[in-house]
Each structure stands twice: as C-alpha cells, then as structure tokens.
4 protein chains.
Amino acid sequence: MRFGHCDPAGIVFYPRYFEMLNELVEDWFGNGLGLPFEQLIGQRRVGMPTAQLETRFVRVSRHGDSLVQRIHIERLGRSSVTLRVVFDGKDEGVSGPLVEFTQVLVCTSLSDHKPQAFPDDLRAALQRSLAAQQETSS
Amino acid sequence: MRFGHCDPAGIVFYPRYFEMLNELVEDWFGNGLGLPFEQLIGQRRVGMPTAQLETRFVRVSRHGDSLVQRIHIERLGRSSVTLRVVFDGKDEGVSGPLVEFTQVLVCTSLSDHKPQAFPDDLRAALQRSLAAQQETSS
Amino acid sequence: MRFGHCDPAGIVFYPRYFEMLNELVEDWFGNGLGLPFEQLIGQRRVGMPTAQLETRFVRVSRHGDSLVQRIHIERLGRSSVTLRVVFDGKDEGVSGPLVEFTQVLVCTSLSDHKPQAFPDDLRAALQRSLAAQQETSS
Amino acid sequence: MRFGHCDPAGIVFYPRYFEMLNELVEDWFGNGLGLPFEQLIGQRRVGMPTAQLETRFVRVSRHGDSLVQRIHIERLGRSSVTLRVVFDGKDEGVSGPLVEFTQVLVCTSLSDHKPQAFPDDLRAALQRSLAAQQETSS
C-alpha cells in the first residue's frame, strides 16, 4: 500500500480500494481479455459501469503492505458479468484476504447509457476466461 | 457532480462516490452527532473503519447534476452501526435515487485496530439520532 | 481539511490540494463568472486546461483545519488567464497562507485541444471580474 | 493513462498527475535510494513534505497513452533536495515531454513538522544518486 492510499489513522483510506479495484478490472480487460478500455470505451463507446458492488473489509491494511489481487468470473449473463475479486495481504505476519468484492458490471451503450448485450468479441473473451477458470478448478 | 468526479464516458467515476460517502459520514459525525473526526480519530485515537459496504448504482449521474444526500441509522450495536445512505439526483428530469449504500462502521482502538464498544458520548449521540429518526417516521 | 485529505503523517497529502484548487476554479467559473464547466466544457466543448502551475506550500495543514480560499486574476490574455490563488488557514493559532498557487489556464477547443481565443461571453465575464478587482484594490 | 485518470474532456485530469508524481517519488525512495517511505515516514517519523512545486503541462495526454518517467536531482542541500521530473509520452505519434515538474522536498521531523538535516543514511543515498547522475552525463 502506498503513502497516498493511507489516512491519518495509518491504514488504507477505503475509497482508495475502489480505485485499486477499478485499475485491476481495467488491467484485466486489457491484458486478460485483450480488450483495452481505451478501445472499448474510448473508440467503440461501449460502457462498462458498475451496477452493484458488495465489499467486505476483512483486515486493516497498512502503508507498505503488499497485495495479491485475484479476479474470478462468478456469473456471465447476456449484458452483465459478476466478478469476485479478492485482495490478499499480510497483516502482522498473517496472510489472507484483506478485502473481498462482488462486483456486477453491466454492458451499456455510451450514447444512452442503457444496457445492451455484450459485443461478440467481448462475450467470446469472457467465455474463454470462464472456461479457463473451470478447467483450473475442476 | 463536479468535473473531477467524472470520467471520459461523461459520467461519475464510481470510486468518487465513496469519497463523497466518506465526506458525508465525516460531516454527519461533526455536525449531526457533534463528534468531529479530528477529535475522535485524531486526538482520542478512536477508529471508525468500514467493515462492510453494499452499494447499488441505480442511475448514471452526469457532470453538473445536483445531489441530495440522506443518512439513516439502520441498526445500532455495541461496537458497530449500520447506516443506510441514499444519494438522490436528477437523471434526465427524473428525480430519484442514484446510489444506495448500506455501510457497517465498526468502532476500534487505533492502537491495535481491534473492535471496542462505542465510547459513552458517541453511543449517546447515536441513540439520540436513532430516537429522532423514529419520531419522524412514526 | 477532511480525513480523506490527510496522510499517515497527519497532514494534508499534497495531491489533494490540487483537487481543492480544481474545485475552487470550477466554482468560480459557475458562481463567479456565471459560466458553469458543465456548459462550457460539456456542451460547448470549450476546454480550459492548466498549462502552468507554480505552488508554494507555506505551512503544513492538519485534519480539521479550516480554509479560506481567495482567487485573483493576475493577467488576462487573448486565450489564457493567469490566476493567483491563496488558501489561508490556521496553523497552531497563527493564521496566514498555507498554499499559494499561480495557475495559467488556456482556452482550447476540445476537438483538437489547440488554444483558441476566449469565447466572447467568457472574455466579457473575465474582464468584469478583473475590473471589479481593480476597483476594490485602488 | 488509466480510465480513472481522465476527465469528461477525455484527457488526464491534472490533479491525477500529482498522485503519479508522488508514487514515482515514493518508488524512487524505496527502490532507488533503498529507504522506503513506510520506514522513513512510518517508523522513523522523518517527514518529506513538498515545499515548492513548479509544473509545466506541455502536451495533453489521453486515456491509454503510455508514460516514461524520469527523475533527476537538481540540487542537494542540508535539509532539502530539488528534483527535476519529466513524464514523457506520445501525443498523436509525437513523443516528448507531457509534463515537467521541479519539486523541492524538505526533510522534517514529524513531531513538530520543522525542517531538519537529512539523516546520514538518506544523505549518503542522495549523494550516491547524484554522483551516478554526474558520471552518466559527463
């Protein structure tokens, strides 16, 4: 955790976790799914706003702690995808989850911000990612 | 909504909502409960971290939209309080909730970040606030 | 200063000052000049990026300190305006400047991000503001 | 540049540059100088606030642009160091500086926020870094 993530109580200021979550999802779209946000959102005007977000802050995290971030597709629908994201860290030598998120992303058109089915290439990339998960866990 | 709250899709970047939520809760402690964070957290070293946070993003919000923020105690425990917070706004003339939060705050000691019972003055202030709510809604 | 503005050293994390500066300038355009950013930037696609920014951090500021913000036009050109902004505050009872900014804003077209002359209504509003300043100080 | 760095005008929201600058300086202390902020600031209570910061925004930067960051010691004093930092990027195929910073950091004691001479290990690390620069450029 960086200096700028932390507050006068010496622990991570929780709104910063959502910036980290957004960065992780952005990296996953670009590197994992091969569909960078700047193309999807910037050029193709496909929105990917968050409709629902449940967060459990399990342990406090301090400046200098390191993080391992995991992302997992929990449910893939026609125009929405539910992600399970875990930030693991060390808190006084004990390693384990610091924060757990369940995030529903909805595919929208940026012209009217209404939901729309995933474009074919994005759907295919999400399905490949989901299939790879199931192989790993079976 | 401010310019700096919004993203290239022209709508509020959702991590900014959590900064607004934190500011609202900070103002509520200072102005509503009479216990400013800089005294509680800064001088008395009483922490008030968020343990759980459920968020529903109901409608998109755009730069220049105005907000009405409401805060409501849903449950008051020995060392935790559950808040229900609603940000109402206008989206294309329709007014109604933009974002709804259910937030569990836990009272901790900043020496070890472990939960502790609310200090007496904070408990009394929360109980007064809860009683005032019930009168209003009965 | 808010909890979320401050860092583990207990003082304002300096990138937060630039968010405050941006909010002040946004408010000044909307309330002072009568040209809200959401119209100017959002609808009319007139950009107002910062080209140069000199900042002097005079005193540290702590959580809970209050601020008085002053804005002053130092120079008005054809497509740029130089602002002098001072954040005054109290530091251990002594009141005086905490941060001083000299900021050059340039008027651009958002289609190509190239400088352009101020639109007539914005130029007129800036000139009125400049004239009002000179009366006050003469 | 990330999605969350950019504004409705589609370009980087300038307060985000200062978060990037702070992260770069934090990484340079940890990786370059071998003195991580969490030890220096957290454990040893040595502050490193910014006293002065001049910034020139040379070109606009868009979502998805990549950055190269360079840091250079311009002047090393008893209790302050002046850094020259350049963020290079590509803007429509042209590569070159996007933003240039001149930043004065002052070493302070976090007990009273007053300037103090650099601790010996930090001074030695800064001198090694300065010497390495001069060899490279001679």
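**Notebook: chain B and its partners**

I looked up the interface of chain B and chain A, where the rule finds eight residue pairs in polar contact, both residues being at pLDDT 80 or more. A polar contact is a pair of N or O atoms within 3.5 Å; within protein, one must be able to donate a hydrogen and the other to accept it, and residues adjacent in sequence count only if both atoms are side-chain atoms.

I note the conditions: this is a predicted model, in which local features need pLDDT of at least 70 and side-chain atom pairs count only at pLDDT 80 or more, while totals for chains, interfaces and linings use all residues. Residues are numbered from 1 along each chain as its sequence is written, chains are lettered from A and ligands numbered from 1 in the order in which they are written, and side-chain values use heavy atoms, with hydrogens and water left out.

**Entry: B against A**

I searched the interface of chain B and chain A for salt bridges (a side-chain nitrogen of Lys or Arg within 4 Å of a carboxyl oxygen of Asp or Glu) and got two. B:E19 makes one with A:R16, and their closest N and O atoms are 2.7 Å apart. On the side of chain B that touches chain A, α1 (15-32) and β2 (50-57) of chain B each supply at least two residues; helices (H or I, at least four residues) and strands (E, at least two) are DSSP runs, numbered from the N terminus. I find that β2(B) gives the most to this side, with eight residues. Sorted by class, the side holds 14 nonpolar, six polar and six charged residues. Here Ala, Val, Leu, Ile, Met, Phe, Trp, Tyr, Cys and Pro count as nonpolar, Asp, Glu, Lys and Arg as charged, and the others, Gly among them, as polar.

I then took the totals. Chain B and chain A each put 26 residues into the contact, meaning heavy atoms within 4.5 Å. They bury about 2,300 Å² between them, with 59% of it on carbon and sulfur atoms; buried area is the accessible area (1.4 Å probe) that two parts lose on being put together, summed over both.

**Entry: strands and axis**

I checked β2 (residues 50-57) of chain A and found it paired with β2(B) in the antiparallel sense over five bridges; two strands pair if DSSP finds at least two bridges between them. In β2(B), B:R56 is the bridge partner of A:Q52.

I superposed chain B on chain A by a rotation of 180° with 0.0 Å of shift along its axis, at RMSD 0.0 Å; the fit is by least squares on the C-alpha atoms of residues with pLDDT of at least 70 in both. Of the residues of chain B, B:E54 comes closest to the rotation axis, at 2.2 Å (C-alpha). I see the same surface serving both copies, as 100% of the contact residues of chain B recur in chain A.

**Entry: B against D**

I counted nine residues of chain B in contact with nine residues of chain D. The area buried between chain B and chain D is about 800 Å², and carbon and sulfur atoms give 72% of it. B:F3, B:P8 and B:F13 supply 57% of what chain B buries here, more than any other three residues. The side of chain B that touches chain D has five nonpolar, two polar and two charged residues. I found zero salt bridges between chain B and chain D.
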